[in-house]
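Thank you all for coming. Please have a look at the model on the screen, and I will then take you through a few of its features.

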Amino acid sequence: MSLILGLVFRITHYKIESGEGTSMKAFAMLGIGKTGWIEKDRPACGPLDAIVRPIVLAPCTSDVHTVWEGAVGDRHNLILGHEGVGEVVEVGDYVKDFKPGDRVILSAITPDWNSLEAQAGFAMHSGGMLAGWKFSNIKDGVFAEFIHVNDADGNLALLPEGIEPEVGAMLSDMVPTGLHGSELAGVQFGDTVCVIGIGPVGLMGVRGAVLRGASHIYAVGTRPNCVAIAKEYGATDIISYKDGPLDKQILDKTKGKGVDRVIIAGGTVDTFAEAIRMLKPGGSIGNINYLGEGDFIKIPRADWGVGMGHKTITGGLMPGGRLRSEKLAALVVAGRIDPAKLITHRFEGFDQLEKALMLMKDKPKDLIKPVVKIT
Ligand code: NDP
Ligand code: ZN
């Protein structure tokens, strides 16, 4: 009997390894407001692709907007998740730089690098607006036993020795998105900066502003852990949005001058009005917040210099890509950023993904970022 069971196990195991017609377990969005475990076919590996098995995965606030606010529309049986580190198990014939056994950083954004949009410098919109954001948006995400990565040479990055997989998972989205906020805002040496929202994304926005040479950094948020890390990352002042309009608080603190740059990594559609009001003429706003609700963003006419105030707003999805992942990983290795501080909750086991996502939805006071160790 045990001999037969052993044989069955080996055959099943072999089938999973070889990928012949096997299914896999995954955690998915079933419809707006609904999630659950599903079985799906294991993804097939195209000539330029890779198949990766997860080592560490992390849920994102974006998953929460997608499921519970239906922010990008309805999705059925779409596997969630876009952050993690994994091990390559299969590569396509034309993949040059990765092989089975490599430990890799999965990027949340996986553009088609030969698209016209990528050639124009906006790879994150390859194939249409936001279409470089494939995982858990227009194709299955990473909360699965097997993960399909398109354009593997362009989108994977080796996890450097010395970076723990859970820290590597912060390089999927939190680090690149937060740092992109400081790029979008165009932070320059000596600038005064307000970072609205200091969840894990905004915290990396604070660090990005420091690295780009900001002088004063006003960080907006209330969760005690986030406030503590914001200070460690280099915020000089903490402001609570619960203490009244942010623009008023910033104008009070800057003797009516306002700030040079604003990074928006939290708040609502109404946050833009506050950002415009606190901005100096010639200043710029970089938005990385995923606006889950509301139809319009209102810009206050007079505070926008009746249309002539040179106050710029840029909202952007983080770019993605191997080069960026490698460069940002190099910042971790060099000790210039320390994303390990973002991780507050650790789970173990694939089936804990659901719990970790619910934690992200409920946002308890002590939460910054949860991770789930899979293997
Ligand atoms: P969190 O929910 O952890 O953080 C949000 C922050 O905003 C908190 O500091 C919160 O304060 C603060 N906040 C809440 N309400 C207000 C308000 N009315 N005014 C000002 N601040 C407020 O989110 P994350 O850091 O995980 O993510 C931030 C955003 O970035 C999300 O919308 C996410 O979807 C998006 N995102 C965008 C990506 C991109 O490529 N552009 C990629 C990944 C994420 P408190 O301390 O009180 O909680
Ligand atoms: Zn994310």
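Cys 60 is buried, with a relative accessible area of 4%, where buried means under 20% relative accessible area, exposed over 50% and partly exposed in between, taken with a 1.4 Å probe and protein chains only. I should say at once that this is a predicted model, in which local features need pLDDT of at least 70 and side-chain atom pairs count only at pLDDT 80 or more, while totals for chains, interfaces and linings use all residues. Residues are numbered from 1 along each chain as its sequence is written, chains are lettered from A and ligands numbered from 1 in the order in which they are written, and side-chain values use heavy atoms, with hydrogens and water left out.

Which residues, then, are the protein donors of the zinc ion, ligand 2? They are Cys 60 through SG, His 82 through NE2, Glu 83 through OE and Asp 173 through OD, at 1.8 to 2.3 Å from the ion; donors here are N, O and S atoms within 2.8 Å of the metal (3.2 Å for Na, K and Ca), and since water is not among the atoms, sites may look incomplete. Along the sequence these donor residues follow the spacing C-x21-H-E-x89-D, and His 82 and Glu 83 are both buried.

Turning to the other cysteines, Cys 194 is buried as well, with a relative accessible area of 0%. Its sulfur lies 15 Å from the closest cysteine sulfur, that of Cys 226, which is too far for a bond, and the structure holds zero disulfides, a disulfide being a pair of cysteine sulfur atoms within 2.5 Å.
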